[in-house]
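Let us walk through this structure one element at a time, beginning inside the sheet and moving outward to the helices that cover it.

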Amino acid sequence: MERLSEIDEILIPFLSHNVDTTGIHIFPIMLRKPDAREAFMRGMKDDGIQTSIHYPPIHSFSAYRQRVNNVRCPLTERIAAGEVTLPFYPGMTEDDVTLVCDSVKRNVHACL
C-alpha cells in the first residue's frame, strides 16, 4: 500500500482500516480521473497485469433496475466509474508487488 499511496492520481479505499482485523480479499484503487479507466486497464494488460472491476453501482443490476426505474445516483456512478481492482493473492512476491506498482504508476501517468 505504501508504494501506491505515493501516486497522487489514485486513491486507495479503506486505506485507514486496520488490515489486521480486515479480511482483505481484493485490492481496489480509485482513479481520480474515471474517464481514464479504459486506457489505464488496457495499459496494465499490455504490461501483462490483469485488472478487473468489482464494484459496479448496485442500481445498475437488472434486479434493481426492474424495481426502481430510471434511478440516477451521480455520486455512486462517478465513484464506480473510477474503480479498478488490482491483482492481490497470497503468493504474491515482492517482485510481483513491484511489477504491479510500477505498472500502475506508468499507466496512470500515461492516461492523463
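Within the sheet, proline 28 has threonine 85 in β3 as its bridge partner, and this is a convenient place from which to read the rest of a model that, it should be said at once, is predicted. A second point of contact between these strands is found where methionine 30 stands opposite glutamate 83 of β3, and taken as a whole β2 and β3 pair in the antiparallel sense over four bridges. On its other side β2 meets β1, residues 10-11, again in the antiparallel sense but over two bridges. Here isoleucine 10 stands opposite leucine 31, while leucine 11 has methionine 30 as its bridge partner in β2.

Put together, the three strands form an open sheet in the order β1-β2-β3, with antiparallel pairing. The edges are occupied by β1 and β3, each of which has a single partner strand, so one side of each is left without a neighbour in the sheet.

How far is the strand β2 enclosed by the rest of the structure? Five of its five residues are buried, so β2 is largely enclosed by what surrounds it. The side chains are divided between two directions, with Phe27, Ile29 and Leu31 pointing one way and Pro28 and Met30 the other, and all of them are buried. The strand β3 is likewise covered on both faces, since Glu83 and Thr85 on one side and Val84 and Leu86 on the other are all buried.

One of the elements over this sheet is α2, which lies across β2 and β3 and runs at about 15 degrees to β3. Its buried residues are Arg37, Phe40, Met41, Gly43 and Met44; seen down the helix axis, the buried residues of α2 fall within an arc of 160 degrees, so they line one face of the helix. The cover over these residues includes β2, α4 (74-81), β3 and α5, whereas the face of α2 turned away from the buried side carries the exposed residues Glu38, Lys45 and Asp46. Just after α2, glycine 48 takes a positive phi of about 85 degrees.

The helix α5 can be read in a similar way. It has 17 residues and reaches 24 Å from its first C-alpha to its last, close to the 24 Å expected at 1.5 Å a residue. Val100, Cys101, Ser103, Val104, Asn107 and Val108 are buried in α5, and, viewed down the axis, the buried residues of this helix fall within an arc of 165 degrees, so they line one face. These buried residues pack against α1 (2-5), β1, β2, α2 (37-46) and β3, while on the other side of α5 the residues Glu94, Asp95 and Ala110 are exposed.

Aromatic rings supply a further link between parts of the chain, although the count comes to one aromatic pair. The rings of phenylalanine 27 and phenylalanine 88 have their centres 6.0 Å apart and their planes at 40 degrees, so the pair is tilted. Since phenylalanine 27 lies in β2 (residues 27-31) and phenylalanine 88 in the loop between β3 (83-86) and α5 (94-110), the pair ties together parts that are 61 residues apart in sequence. The two partners sit in unlike surroundings, for phenylalanine 27 counts as buried at 11% relative accessibility, while phenylalanine 88 is partly exposed, with a relative accessible area of 39%.

A last stop is proline 57, in the loop between α2 and α3 (62-65). Is this proline buried or exposed? With a relative accessible area of 15%, proline 57 is buried, the cut-off for burial being under 20%. Leaving aside residues up to four places away in sequence, proline 57 touches Thr76, Glu77 and Ala80. Its C-alpha atom is separated by 26 Å from that of valine 100, a residue 43 places away along the chain, and valine 100 is one of the buried residues of α5.

How values were computed:
Residues are numbered from 1 along each chain as its sequence is written. This is a predicted model: local features need pLDDT of at least 70, side-chain atom pairs count only at pLDDT 80 or more; totals for chains, interfaces and linings use all residues. Side-chain values use heavy atoms; hydrogens and water are left out. Rings of Phe, Tyr and Trp (its six-membered ring) pair if their centres lie within 6.5 Å; planes under 30 degrees apart count as stacked, over 60 as edge-to-face and the rest as tilted. Buried means under 20% relative accessible area, exposed over 50%, partly exposed in between (1.4 Å probe, protein chains only). Two strands pair if DSSP finds at least two bridges between them. The expected span of a helix is 1.5 Å times one less than its number of residues. The arc is that of the directions from the helix axis to the C-beta atoms. Contact means heavy atoms within 4.5 Å. Axes are lines fitted to C-alpha atoms, for helices over the stretch in contact, and angles run from 0 to 180 degrees between N-to-C directions.
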